[in-house]
Amino acid sequence: MPICQNCGKQWTWSQTVKTIFKLKCPYCSKKQYESASSRWKGSILSVFLLLIILLPLNILFNFSPAAALFFGFVIVVIMLALYPFFLTLSNEKEPYW
Ligand SMILES: [Zn+2]
């Protein structure tokens, strides 16, 4: 779970999900940013999920576009649920490189 770089408190899963788009610390209300390494992990995870899960399933079951959309939605939900486990925070916006 992510740890606030300002006050050092660890966020719970539900606190992280609640603030996932704002990343504001529930303890000290300081704005946090996703660290560069965490963003990389996020991008790799999304590509991984899409390629490893969606594509083979699509070929196996020959989804209709509606079913593919539904599974895309399920994958987004899974990603949001997993996100707090590998999210790391930073006090400042970090560049990718
Ligand atoms: Zn804090």
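Helices, as the term is used here, are DSSP runs of H or I with at least four residues, numbered from the N terminus. On that basis, the largest share of a nonpolar surface patch, three residues, comes from α3. The model is predicted. Two features are covered below: a zinc site with four cysteine donors, and the nonpolar patch, which has about 500 Å² of accessible area in total.

**Zinc site**

- The zinc ion is coordinated by the SG atoms of Cys4, Cys7, Cys25 and Cys28, at 2.2 to 2.3 Å.
- The arrangement is tetrahedral, because the four donor atoms around the zinc ion subtend angles of 105 to 114 degrees.
- Along the chain, the donors of the zinc ion follow the spacing C-x2-C-x17-C-x2-C.
- Within this set, the pair Cys7 and Cys25 links distant parts of the chain, 18 residues apart. Cys7 is in the segment before α1, and Cys25 is in the loop between α1 and β1 (33-34).
- Cys25 counts as buried because its relative accessibility is 3%, under the 20% cut-off.
- Cys7 counts as partly exposed, with a relative accessibility of 32%.
- The number of disulfides is zero, where a disulfide is a pair of cysteine sulfur atoms within 2.5 Å.

**Nonpolar surface patch**

- The patch on the surface is formed by Met1, Trp13, Val17, Ile78, Leu82 and Phe85.
- Helices α1 (13-18) and α3 (65-86) each supply at least two residues of the nonpolar patch.
- Met1, another member of the patch, lies in the segment before α1.
- Met1 has a relative accessible area of 31% and is therefore partly exposed. That value also meets the patch criterion of over 30% relative accessible area.

**Ala68 and Met1**

- Ala68 is located in helix α3.
- Ala68 is partly exposed because its relative accessible area is 21%, and the partly exposed class lies between the buried limit of 20% and the exposed limit of 50%.
- Ala68 and Met1 are 67 residues apart along the chain, and their C-alpha atoms are separated by 31 Å.

Conventions:
Residues are numbered from 1 along each chain as its sequence is written. This is a predicted model: local features need pLDDT of at least 70, side-chain atom pairs count only at pLDDT 80 or more; totals for chains, interfaces and linings use all residues. Side-chain values use heavy atoms; hydrogens and water are left out. Patches are made of residues with over 30% relative accessible area and no salt bridge: like charges are joined within 9 Å, nonpolar side chains (Val, Leu, Ile, Met, Phe, Trp, Tyr) within 5 Å. Accessible areas come from the Shrake-Rupley method with a 1.4 Å probe; for residues, only the protein chains shown count as cover. A salt bridge is a side-chain nitrogen of Lys or Arg within 4 Å of a carboxyl oxygen of Asp or Glu. Buried means under 20% relative accessible area, exposed over 50%, partly exposed in between (1.4 Å probe, protein chains only). Donors are N, O and S atoms within 2.8 Å of the metal (3.2 Å for Na, K and Ca); water is not among the atoms, so sites may look incomplete. Four donors count as tetrahedral if all angles lie between 85 and 135 degrees; four count as square planar and six as octahedral if opposite donors are over 155 degrees apart and all others between 65 and 115; anything else is irregular.
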